[in-house]
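Reader: I'm in my first year and still learning to read structures. Could you take me slowly through one part, the place where the two chains touch, and then show me a helix as well?

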Amino acid sequence: MKGTTSVTASMNFSVREFRHIVGRYLHAHGCRPHLANPLREVLLSAQASGFDALTGIESSSAAIAGFTGGLTLVDTEVLDAAGQPAYAVAPDLVDRLLVAAHAAGRPVTMTVRNLVGAEALGHLGDYAAVRGLALTVLDAAGSEARVSAVLAPAAGAPADPRDAEGARMTAALTAGFDADVDQFWRLFHESNGALTPDSELSRQHAGAQVRDAEGNVIGEVDEESYLYIRSQAEQLAEVTAR
Amino acid sequence: MSTTLPAATILTGSTVHQNLTDPALLMRPERLQSLSPSRLSAARAILERMVTEQWTFERVFFEVNERSEGDALYRVRAGDRVFDFIAFGFEPDLTSRTGRITERNWDMMGALVEGESTDADRAVTREELPKLYAGRAIAGTLTWARSNRSFRAFEHVVAALADGRQPEARFLGEIGYLMRNTGLDGNGTFNTRSFLALEDDHPLRDPLHAQLFSAFLMREYATDLVEALARHRNPQAVALAPELRRMVGIGNGSALGLLFYVNTHPHLVDAWLSERQDAIVEASRMTVAAGSPEAERWCSLLERAAAFHTADPYVYHQFAEAQVVGADLARAVELLRARLAAGATTGEALLEALLPEVSLEAWEVVAASTLELLPVERVRVALDAGIVAESMTSDPLASVADLRARLASEYGWALAIDMTAPGARHYVWYKSADAEEPRRGPASEVAGGRNWALDLPTDIQRLAALLEGYAGDDLVGMVLADHPQERAVIERVQSLAGRGLHSPHMNMLDEEFVPVSVVRFMNAAVHGLDRTVDEGDDRNVLGLIFLGAPTAADLTAGTVGELADWRFPAAPFSAAATV
């Protein structure tokens, strides 16, 4: 039951491609190296829950390099995001809520101020649940959100690894995501900023170069030729040695 | 010339069980490179499934002109499922072939899809395949595949068949392939199906099995292609002898990208390797009775392994010389037969006796050979257990003391590496803008982009130092709140807690680091390639997929018999030429 793929304004792409593009996009825009993968996973979970992650990162691209990923505690129930998007501080928020709920032994409520796109928190329920937290967004608009959280310990590893990140992620693995064609390829090409420009020198950092006796590169061969040349050289060396 | 150390040089003072399971002994790159293909390797495992489930193969059509242009369709029936392998042939352009992924020049492009494909499916696939990352696979596509011909062997075979005779078997056997893999992509790439989305009873749901199955079909295409081209030259051309069809595999070249794979998929690596080693421990403790069919089959397998390695024509650089491994395996057979002559024995006893006697690589071949003693159901359990979630999650409620203890017990190797030593940070790993080729170069020669290396020693050392500023009963959540930039390494450590076979114990930035160690681990042990030879300059490994394996015709006819009997094939140098 396969349909044909045709080029329209919308296209489908896979979870893997999401990770590929979003991860690189974050790197290409200067995200701190150790934050990129965690934020990529936040965005993936949010995307699976209905958040338009591609638009989310594209609209915040200029700020990515400045992400610290951290929240500042203003008082026991107020956190400041310093103008970062909700997805950028989500890992820290979930951790702080976990610690607070654990310490309190009861549901806790916190306000997060100075957020960009506070509504995105509404798409982080699965992300939080996998980490043992039942997260409820009480209200979220503009730059502020009020959230409630209670510990919801995970019942150990799921029997099926496909379900490890919730039913919506499981569905995403099968169905993929839909995106605007132009936006997808725009981000795809922009994400290549994380790659290193090609050069004659960098081409020697892979492949099989052939060098002369002085070590100068005199050419490049495919694996067959290299093996053949080397086997001939070994045989010649043996003959010479005898 | 490579050195060949006795196994005991590396595995000193430990029991066989420790040698097989202790991460400190197993995760060293020089040990990983020695791990042998086995029944749990993807190529062998999918072949075993094909045999036990009696898959059948049909060549629906093969319409290729004298310039190699044209289409082919193979249909596979696997139980109640059908798979189509759609192949498109192109006239080869043999100029500037390097085998690198920077090329855009393929002799065959194909797709493995679920169900019977339609004309429209194949038309769209033909249009999309050449676009690679800019292309979209049709729904139900498992893999996209590409291959190029061996310019040494291909013409020789076509000419011989057109001349009414068989090709020179020794020449063909030494090359080992007619076409080589230049790309096997699935699991979501190009919008192919994600393997985690495959149903419980899907025959290709194990990691990498869809890709290796595609290679099996590429092998069929390659042998069909030489026959078709020979017939174009001479309608009286002969077919390639069945024993020669079996002899050739699919060539393969792998390089630095496999280190990125290992670094990115620690859960998968750990799950698979743990299952492999546990299965070997279990198998090696099975008693093998003297005179039993199992005993004779095991001896026969090792005898063939000895001959196979001895006959290997390749020259190895970083790895043990094949002839040394062959001689060592002959010694292993001597010891095994001696033990069996004295009564029942076990693989464990044999491995213990072999430690001071044979090279590490030979020891690992013997260890892997014990898996042949296991019932197929046990192997299936091990393979199924290799499907795991790969989530990286932190545990902020854990104590700093717990995290500290984990670093000490599980990452002692990383803490011990001196990252300030000369050469410790010599290399940068990156991906080129040109076709995303993984590369490694001296830091002074790389401009732009980012360093994609996993610098685990530095990350672990930095974290350990940072934790010194906290009390033991402080929560990890406090550390994360104070230092959000440490999230990635904390997530990695905590999500892999209690496991040990996930990360090679290496500093991949080091000037002395040899990438082929890990590349070969993947190609040989995980993928199941034979003759995995380092090409020189320590970053490329060549190998052969399905060398000597049954063909589609063998499988369809149901004449495979015991699959273990196909391992370590002898070259049919006596294949007769007929007109």
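Author: Here is a walk from the contact between the chains to one helix and two unusual residues.

A word on the ground rules: this is a predicted model, where local features need pLDDT of at least 70, side-chain atom pairs count only at pLDDT 80 or more, and totals for chains, interfaces and linings use all residues. Residues are numbered from 1 along each chain as its sequence is written, chains are lettered from A and ligands numbered from 1 in the order in which they are written, and side-chain values use heavy atoms, with hydrogens and water left out.

Let's start where the chains meet. Chain B brings 92 residues to the contact and chain A brings 66, with contact meaning heavy atoms within 4.5 Å. Together they bury about 6,500 Å², 52% of it on carbon and sulfur atoms; buried area is the accessible area (1.4 Å probe) that two parts lose on being put together, summed over both. The rule finds 5 salt bridges across this interface, each a side-chain nitrogen of Lys or Arg within 4 Å of a carboxyl oxygen of Asp or Glu. You can look for A:Asp198 and B:Arg439, whose side chains form a salt bridge at 2.5 Å, N to O. On the side of chain B that touches chain A, strand β11 (residues 438-442) gives the most, with 5 residues. Helices (H or I, at least four residues) and strands (E, at least two) are DSSP runs, numbered from the N terminus.

Now for the helix, α13 of chain B (residues 293-310). Its 18 residues should span 26 Å at 1.5 Å a residue, and its end C-alpha atoms are 26 Å apart, which agrees; the expected span is 1.5 Å times one less than the number of residues. Among the buried residues of α13(B) are B:Trp298, B:Leu301, B:Leu302 and B:Ala305, where buried means under 20% relative accessible area, exposed over 50% and partly exposed in between (1.4 Å probe, protein chains only). An α-helix has 3.6 residues a turn, so residues three or four places apart point the same way. The cover over the buried residues of α13(B) includes α14 (322-342) and α16 (360-369) of chain B.

Lastly, two residues to click on. B:Asn187 has a positive phi of about 55° without being a glycine; this residue sits in the loop between β6 (177-186) and α9 (209-233) of chain B and is partly exposed, at 23% relative accessible area. B:Phe568, also not a glycine, has a positive phi near 55°. B:Phe568 lies in the segment after α24 (552-557) of chain B and counts as buried, at 7% relative accessibility.
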